[in-house]
Amino acid sequence: MLKIRGLEKKLQEQLVLHDLDMDVEDGCIYGLIGPNGAGKSTLLRVIAGVYEPDQGTLYIDDHNMQENLSCFSDILLISDEPYYFHNATLCDMKHFFKIAHPHLDEEYYHHLVKLFDLNDQQPLHKYSKGMKRQAFLILGLCSTPRYLLLDEAFDGLDPHMRMLFKKEIVNRLEEKEMSVIISSHNLKEMEEICDRFGILEQGKLITSGNMSERLSLVHRFQLAFKEHVNEGMFDALSLLSISIDSRIVNLVAEGELQELQEALQRLHPLMMETLPVSLEEVFVYVMKQREEERHGDQELVETVVSE
Amino acid sequence: MEIKNWLKPLFLSDQEKAYAKHYMRTNNRLAIVAALILVLFVMGYIMPSILIHAALSLFGGAPGTTNGEKVASLFISICILAYVLPMYQFRFLMKRSSSDLYLSLPIERKRLFYVHYLIGLLYMASVAVLEYIPVAFYYYGNRIGITIDSTWHAPLYGTSETLITTLLLLVIFLVLGICLYTFFTCFIVRCHTMLDGILICAIYTLLPLIIFYSMGFFLSNISNELLYSVESYHFSYMSPLANILVALTSLPWQMNAWVRLFFEPTITTDYTCMLLGMELLVWLILGVICYRNASNYFVHLKSEDSEQPTKSPLTYPILIPLVTFQLLLIIGKGKLISFMICILFVCYLIAHFFAQRKITIHVRMIAIYGALVLTSSALHHWLVRTNLFAMIYEIPQGDEVELIRLEIIDQNLNYYVSADITNQTVKEDILQAHAQWLPYTTKEQSWNYIQGHITICYLLTNGEYVNRYYLFDEAGITHLQTLVEQWEKEDVIEYLDDGAYHPTQDGDTADPADTAG
């Protein structure tokens, strides 16, 4: 298990990560979600040992990674801008990766090269952006590290390739003892592939957990009432979002579905419909809630100061 | 067993070996550059020498005496490689994507540094050895020009083979080359862009030269201020300490000195051997310090700094003030001092803007410049007050003087006197007269009226020269004429207009070419 405690990292005097705690269980696909500049790439680089943390500790199976540098051999980072040697082919890069990760699976490599129809003898600089991405995803998967870190993994891939890769990642995880941490902006994809997730905002992990559990605790309801309603009627619910248009109410609330349904039934709606919620919506609601909390805090501070 | 453990870090593990092999295989550009240097070296230097020698032999001419400087070209290519290879070997630090890849490798950073350092070093050694082969064949095949038996080092190996001489030189050059390579590596790992790397290494290469010349100009300015004599560029005031410092820090000087030591039987060996031994030691110590420093810096390197402005204290933060200070010393105390200080300030700011890649002026920058101006000015005043620690004198002591060369020109009367004086009585007369004419001299070079001037050169018993050049204005010319007339009357020197032979009081004649030393 990969554990991060109290991580802090400054880049060019700017605090990029702070008070960050994170747990990545073995064998999971962890989706790292966050807006631009939240610190996702920095976090992956710290985990890979490229950046040294300013504060905090990283553990693999309770071994402090800073004290046991051999731990880093369990980690492979495929960055958003992968580097390859001058004139190197995919095959050359495979040899290079094999030095760092001697367990690189040659057979699986050839299988993936064939599957994605790449010429591994062609210099990488002649590949398109998407092909380069495929090439490095292949290298990452066949290197079989214990923790594979994919930064903006599916950028530049066409939908078919994305689907193939997602399938391969899942298959590989079933076969090998591997965990994958993926950072991406594409929440829909993350929802499809990840079993755990963490939302990073301003360098801090604001929420994390099991994807399906979390999604099963967030529900959207569409309600119609006989008379006009006001927001106060729904105060008892843990609301993430609410919009009232005369007698029609759209809301997203956190909690067990049955409890929420019972609570809403007590308001005697004419009609109530339960709709599925996507990860993207959860992300947007969480971000919105955080924004409101921040504004609330700011207003409170301003009030206290003015008083 | 203990030695074995001590040596262990020098050898590569299987993983490191595999990495090094792969690196060398995929970095064939390095081999191409090395081959190119080799070809240029052979084509441009060795081949013409061989052809000339062959032609001379063919047409019955005596084979030209080879000089050891042919071997010195070896060192030039070693120097080029020592400069280029660190940049190539550690270029991955200057790009974010590549530093991400390399620094995330599961190889201990200290070892990663060592592997890259070692590969560069092996390339340098290979090229040097390959270049040595034609040189060795050239010398061995011809066995010309050098009487090895008469050199100081011949008894060391009891043979007269030039091959051994060149081999020994190769080893010394390689050691110095490795030190230089390590020296540059120390700065390259601190640079975050390639441009910074090239610049910083170039500045460090030129730094001893910059310091030497700026100090020379600075001391010349002071001596000009203190002496009646004009145009007193007394670089000799810096010796012997400054010369030793330059010798210790300047590899081209060393290269030349080593070659001379090995190939010139007449060279004074004691002083040279001691100095060369010292500088080899200095460079070895410097090499060890630089390696440890570079390795430690690499271990704690922040990958996030790549492609960012270079901020390491050993780079721009120290070099900009240092070079500025040297330039402040050069501009001295001339009439345009304020203007020059302003111009230099602009240059100083531009250098800072370049270093930080943004146009921002900090108070600290201005304060440092102010401090540099004040320090250079204070240093100037201090040295003037102390007469450059009493090292500056207008006229040497009589017993120190071996020969006086005197040249008097009075353009007004179209009068010319030139003499080399060795006679003790005459020398004393001249020394006395020298003190008397000082009040009549001027430092103003005038183009409106014809001036007279005296050039006097003292050759001291320690082999050094003291040159003085005096200008006389219209009032001074009268004194000059009186002086010459008096000397003529006393038969000190004779009026001559051909300048070929110059009789002294004794009536001896001396050819200036013989007495020039």
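**Entry 1. Confidence**

I looked first at residues 494–517 of chain B, where pLDDT (the predictor's confidence in each residue, from 0 to 100) stays under 50. For this stretch the model has 30 contacts beyond four places in sequence, two residues being in contact if their C-beta atoms, placed from the backbone, lie within 7 Å. Where pLDDT is low, the predicted coordinates should not be read in detail.

I noted that this is a predicted model, in which local features need pLDDT of at least 70, side-chain atom pairs count only at pLDDT 80 or more, and totals for chains, interfaces and linings use all residues. Residues are numbered from 1 along each chain as its sequence is written, while chains are lettered from A and ligands numbered from 1 in the order in which they are written.

For chain B I found a mean pLDDT of 74, with 66% of its residues at 70 or more. Among the elements of chain B, helix H14 (residues 337–356) has the highest mean pLDDT, 93, and helix H19 (residues 512–515) the lowest, 37. Helices (H or I, at least four residues) and strands (E, at least two) are DSSP runs, numbered from the N terminus. Residues 60–67 of chain B also have pLDDT below 50, and this stretch makes 14 contacts beyond near neighbours in sequence. For the complex, the predictor gives a pTM of 0.75 and an ipTM of 0.74.

**Entry 2. Contact between the chains**

I recorded 24 residues of chain A and 19 residues of chain B in the contact. On the side of chain B, helix H2 (14–26) and helix H5 (96–103) are the elements that give two or more residues. That side of chain B has 6 nonpolar, 8 polar and 5 charged residues; Ala, Val, Leu, Ile, Met, Phe, Trp, Tyr, Cys and Pro count as nonpolar, Asp, Glu, Lys and Arg as charged, and the others, Gly among them, as polar.

**Entry 3. Domains**

I then took the domain bounds, which come from an automatic or database domain assignment. Chain B is divided into domain 1 (2–305), domain 2 (316–390) and domain 3 (400–515). Domain 1 of chain B puts 15 residues into its contact with domain 2 of chain B, which puts in 13.

Chain A is divided into domain 1 (2–213) and domain 2 (217–306). Over C-alpha atoms, the centres of these two domains of chain A are 35 Å apart. Their contact takes 11 residues from domain 1 of chain A and 8 residues from domain 2 of chain A. Which element gives the most to the side of domain 1 of chain A? I found that H6(A) does, with 4 residues.

**Entry 4. Sheet of chain A**

I traced an open, mixed sheet of 6 strands in chain A, in the order S6-S7-S8-S3-S9-S10; two strands pair if DSSP finds at least two bridges between them. Its edge strands are S6 (75–78) and S10 (204–210) of chain A, each pairing on one side only. Strands S3 (residues 29–33) and S9 (residues 196–201) of chain A run parallel and are joined by 4 bridges. A:Ile33 stands opposite A:Ile199 in S9(A).

**Entry 5. Positive phi**

I checked A:Thr144, which is not a glycine yet has a positive phi of about 50°. A:Thr144 is found in the loop between helix H4 (129–143) and strand S7 (147–151) of chain A. A:Ser246, also a residue other than glycine, has a positive phi near 60°, and lies in the loop between strand S12 (238–245) and strand S13 (248–254) of chain A.
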